[in-house]
Amino acid sequence: MFKVLVSDPISDMGIQQLVDASDVLVDKKTGLSEEELIAIIGDYDAMLVRSQTRVTANIMGAGKKLKVVGRAGVGVDNIDLEAATQNGIIVINAPDGNTITTCEHTFAMMMALARHIPQAYKKTVSGTWDRKSFLGVELRNKTLGVLGMGRIGSEVAKRAKAFGMNILGFDPFMTEERAEKLGVKLGSVDDIVRNADFITVHTPLTPETRHMIGKSQFDVMKRGMRIVNCARGGIIDEQALVEAIDEGIVAGAAFDVFEKEPPAADHPFLGHPSIIVTPHLGASTVEAQENVAIDVSEQVLHILRNEPFMNAVNMPPIPANLQSKLQPYFELGEKLGSFIAQASEGAVQEITVQYAGELAEVDTQPITRYIMRGLLSHHLGSEQVNIVNSMHLAKQRDINIIVQKSHKSKDFTNLVTVSLRTKKEERSVAGTLLTGYGPRIVQIDKYPVDVTPEGNLILIAHNDKPGIIGSVGTLLGNNNVNIATMQVGRQLEGGSAIMVLRVDKGTPKEVLLQLTDMSGLNTAKEIILP
Ligand SMILES: NC(=O)C1=CN([C@@H]2O[C@H](COP(=O)(O)OP(=O)(O)OC[C@H]3O[C@@H](n4cnc5c(N)ncnc54)[C@H](O)[C@@H]3O)[C@@H](O)[C@H]2O)C=CC1
Ligand SMILES: O=C(O)C(=O)COP(=O)(O)O
């Protein structure tokens, strides 16, 4: 039974599929401190959060069973991604479910700002009928600067068009073609800052975007401009903004997010006549909350059940159209990695993965992650290594990973070759998928073979001479080790050769030693594959 902890208020309807799943137990415990979470997280396989819970390195470290942290929303700045990767915990988010809702909130804020709605409301309900103090401005014909033209920024731009605004956008990933389609003129941050009547920011908070609007930007802005932040506190320098308002540069600001949430009671925005605020409500609609909770619950279920999943934040995504093509190679890759780790001796220094054939045309990084998982699991234990941290663990250990691709594959549609260099030796294993038969090892070092990579194998290096196969069979038989299949590979008659035996159960160490002592036999290694 998988245990899932929901530690922030998340839509009940959205997590219903988790509650209904017969293999999942859901616990809702919101508002816990870091210490309280550390005390209980060891029981859980998954954790669902919004932006309140700070998922720290200490929580991840204590989450011995934790496989996934699911963020029911977009921003993952409350989750220590580095620690997640180190601990092999997958972090996923729900990137699409709250786009429209947050875009609409941005628009609500922009209009409220243009027409002083919160201030006018406050005065009216307090009994003062004041029609003079709240002269607003139209949006029509104004220039809206959009910093960050991703999902939300693009939707804001579309709606701003309908209001007759001219849009000036900046995003490092926005192409001219897409900008043209959206009716957006592309400009630099400086163009936007100098020319916009309204600015709205829709980037994540990164070292690059932190205070991307600060004193030097405010100093060159149009007098009377207005600014909105429904993305992340800290993109706009709060202190510099208050000064720019006081100097008469900025006419008003609308903020949904703060550098520190909740803001201190004496935060200069609170009660400022020209600044309107909401308490991080951008994603707070019934629809968005259901959407993000449904999306994240679905992916968490996939992860817990070891099924293909989407929206991982701490590993590169697998495009949907490639998932089914790559999927069968994950098992093959893991087996090849495990095989070569067990076959070789000495500390691993370098791994070369060669993808030949059709695979050369696609992004094979996910397969490499599985190869590394198989390879490192042998030394570090399968509990420690997974596809999230396998590359990271290799890097930590200074293992050099070289990936090579070739469109040509002589005998197979696709061939994956894993070569490993240790302090002592260089070994390689190659595998393919045979239609209707599944994974096959087709080459070990320089010897062609045909081995189904599963179960208990014995890999023997020997000299090709009469009688050796019989002697191996007799010795194993005498020790009650039953041979299921046998493969022999050699390059030249009478030269060096290998033998791969599949046996019905584990081979005792002393039997392996006796094999190694046989004349004409060089090494005998047990290899166990899942
Ligand atoms: N207030 C709220 O409740 C909510 C806030 N958000 C926040 O809104 C922001 C945007 O979300 P989405 O549009 O879904 O994300 P997104 O990932 O689709 O878009 C972000 C865009 O920012 C761009 N960007 C990154 N660095 C930049 C830079 N230096 N200058 C200009 N552009 C840059 C990226 O290229 C990307 O296109 C995020 O910070 C997210 O956390 C999202 C949902 C709700
Ligand atoms: O999705 C996001 O990035 C948000 O900021 C929404 O945060 P929330 O889930 O409302 O705490």
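## Exercises: ligand shells, domains and a helix pair

In this predicted model, ligand 1 is surrounded by 31 residues, and the closest are Gly 75, Gly 148, Gly 150, Ile 152 and Gly 282.

**Exercise 1.** Work out which helices and which domains supply the shell around ligand 1.

*Solution.* Start with the helices. Helix H5 (99–115) and helix H7 (151–162) each put at least two residues into the shell. Which one gives the most? That's H7, with 3 residues.

Next, go up to the domains. The chain splits into domain 1 (2–96 + 287–304), domain 2 (99–277), domain 3 (319–451) and domain 4 (454–530). Domain 1 and domain 2 each provide at least three residues of the ligand 1 shell.

Finish with the chemistry: sorted by class, this shell holds 13 nonpolar, 13 polar and 5 charged residues.

**Exercise 2.** List the residues around ligand 2 and sort them by class.

*Solution.* Walk along the chain and you pick up Arg 50, Ser 51, Gly 73, Val 74, Gly 75 and Asn 98, among others. Further on come His 280, Gly 282, Ala 283 and Ser 284.

Now sort them. You get 2 nonpolar, 7 polar and 1 charged residues, with Gly counted as polar.

One more thing to spot: Gly 75 and Gly 282 are in this list, and both are also named among the closest residues to ligand 1.

**Exercise 3.** Describe how domain 1 and domain 2 sit relative to each other.

*Solution.* First, the separation: the C-alpha centres of these two domains are 32 Å apart.

Second, the contact: 6 residues of domain 1 meet 6 residues of domain 2. On the domain 1 side, those residues comprise 2 nonpolar, 1 polar and 3 charged.

**Exercise 4.** Characterise the packing of H13 (residues 320–343) against H14 (residues 365–380).

*Solution.* Take the geometry to begin with. The two helix axes come within 7 Å and cross at roughly 30°. Angles under 35 degrees count as roughly parallel, so H13 is roughly parallel to H14.

Is the crossing left-handed or right-handed? It's right-handed.

Then look at who makes the contact. H13 contributes residues including Leu 326, Tyr 329, Phe 330, Leu 336 and Ile 340, while H14 brings, among them, Pro 366, Ile 367, Tyr 370, Met 372 and Leu 375. Glu 334 and Lys 335 of H13 take part as well, as does Arg 373 of H14.

To wrap up, count by class: the H13–H14 contact divides into 12 nonpolar, 8 polar and 3 charged residues.

Key
Residues are numbered from 1 along each chain as its sequence is written. Chains are lettered from A and ligands numbered from 1 in the order in which they are written. This is a predicted model: local features need pLDDT of at least 70, side-chain atom pairs count only at pLDDT 80 or more; totals for chains, interfaces and linings use all residues. Domain bounds come from an automatic or database domain assignment. Two residues are in contact if their C-beta atoms, placed from the backbone, lie within 7 Å. Axes are lines fitted to C-alpha atoms, for helices over the stretch in contact, and angles run from 0 to 180 degrees between N-to-C directions. Helices (H or I, at least four residues) and strands (E, at least two) are DSSP runs, numbered from the N terminus. Angles under 35 degrees count as roughly parallel, over 145 as roughly antiparallel, 65 to 115 as roughly perpendicular and the rest as oblique. A crossing is left-handed if the near helix is turned anticlockwise from the far one by less than a right angle, and right-handed if clockwise. A residue is near a molecule or strand if its C-beta atom, placed from the backbone, lies within 6 Å of it.
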